[in-house]
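User: Please take a close look at a single part of this model, the protein surface that faces one of the nucleic acid strands, together with the fold behind it.

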Protein chains: 2
Amino acid sequence: MNKEYTAEQEQIARFAKAMGHPARMAILEFLAKQECCFFGDIHEELPIAKATVSQHLKELKDAGLIQGEIETPKVKYCINRENWETASKLFAKFFGQCAWGKKTCCG
Amino acid sequence: MNKEYTAEQEQIARFAKAMGHPARMAILEFLAKQECCFFGDIHEELPIAKATVSQHLKELKDAGLIQGEIETPKVKYCINRENWETASKLFAKFFGQCAWGKKTCCG
DNA sequence: CAAATTGTTCGCAAATTTACGAACGATATG
DNA sequence: CATATCGTTCGTAAATTTGCGAACAATTTG
């Protein structure tokens, strides 16, 4: 029972947690593929109620992976590119740190 | 309320979920850096009780990211390299799929 | 055999997550 | 003004997660 967690561990865990549900992965993939889109488009893609979609979007927004913007009467969502890049690098670094040689992994 | 999730979305979500806690990230980093080690070594690294460590290890094992092996009287844990590689590729693919040009992201 | 070491499992409590329908606010339309 | 559309928020229920200490099993040591 010693050390605390590093800020980087907390950060990547936050990103990972946000990605830790199929609905949220589906949302992220959908957004990543097409610049931006509206809530309704996302809802159509998913097998869950709109209230639940809204909740998942909030979590992704809180994690910093997406951002939303009101475009009356709709709401437009898109990837938060800056944080997406941050996450991308964090995960790449994480998976690249293995100590057993680059041949069998991370290649 | 339409489509279901793809197998790949489910898989990456499973990996991400397992990584979605700082303690589990710390465990993975610790293991990735040093081939293998014993339960006690992992426990020493973390600010949580052994029962909780054991639980986190079980989740990582269930997700396929690590594997354990009894080496009486200790238990040796290490990264599951095959699945680590699978995960590495899945995440790389995921973050690389953005549609807004490679210059501003994923580079 | 008694005692110590190592880690898992059990039982429990508190917090969080997931999901839904209903109600709601805001704006546009008839 | 009444209606329809769009999406969030509220309230609730069920399931899962997180964490701990105590008990436990298996082996080794005295």
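Analyst:
**Sheet, helices and DNA strand C**

In this predicted model, helix α4 (residues 50-63) of chain B lies across β2 and β3 of chain B, and its course makes about 120 degrees with β2(B). The sheet in question is open and has three strands in the order β1-β3-β2 (chain B), with antiparallel pairing; its edge strands, each pairing on one side only, are β1 (36-38) and β2 (66-71) of chain B, and from one strand to the next the twist averages 25 degrees. Helix α2 (residues 22-33) of chain B also packs on the sheet, where it touches β1, β2 and β3 of chain B, its direction being about 85 degrees from that of β3(B). Between β1(B) and the antiparallel strand β3 (residues 74-79) of chain B there are three bridges, and Cys36(B) has Cys78(B) in β3(B) as its bridge partner.

Two of these chain B elements, α4 and β3, reappear at the DNA: along with α3 (39-45) of chain B and α4 (50-63) of chain A, each supplies at least two residues of the surface near DNA strand C. The largest share, five residues, is that of α4(A). Among the 21 residues around the strand, those that come nearest are Lys17(A), Ala49(A), His56(A), Ser54(B) and Tyr77(B), and the surface as a whole divides into nine nonpolar, seven polar and five charged residues.

On the DNA side, sugar or phosphate accounts for 72% of the atoms of strand C within 4 Å of the protein, and bases for the rest. Phosphate oxygens of DNA strand C lie 2.6 Å from a side-chain N or O atom of Ser54(B), 2.7 Å from one in the side chain of His56(A), and 3.2 Å from a backbone N or O atom of Gly40(B).

Conventions
Residues are numbered from 1 along each chain as its sequence is written. Chains are lettered from A and ligands numbered from 1 in the order in which they are written. This is a predicted model: local features need pLDDT of at least 70, side-chain atom pairs count only at pLDDT 80 or more; totals for chains, interfaces and linings use all residues. Side-chain values use heavy atoms; hydrogens and water are left out. Two strands pair if DSSP finds at least two bridges between them. Helices (H or I, at least four residues) and strands (E, at least two) are DSSP runs, numbered from the N terminus. Axes are lines fitted to C-alpha atoms, for helices over the stretch in contact, and angles run from 0 to 180 degrees between N-to-C directions. Contact means heavy atoms within 4.5 Å. A residue is near a molecule or strand if one of its heavy atoms lies within 4 Å of it. A polar contact is a pair of N or O atoms within 3.5 Å; within protein, one must be able to donate a hydrogen and the other to accept it, and residues adjacent in sequence count only if both atoms are side-chain atoms. Ala, Val, Leu, Ile, Met, Phe, Trp, Tyr, Cys and Pro count as nonpolar, Asp, Glu, Lys and Arg as charged, and the others, Gly among them, as polar.
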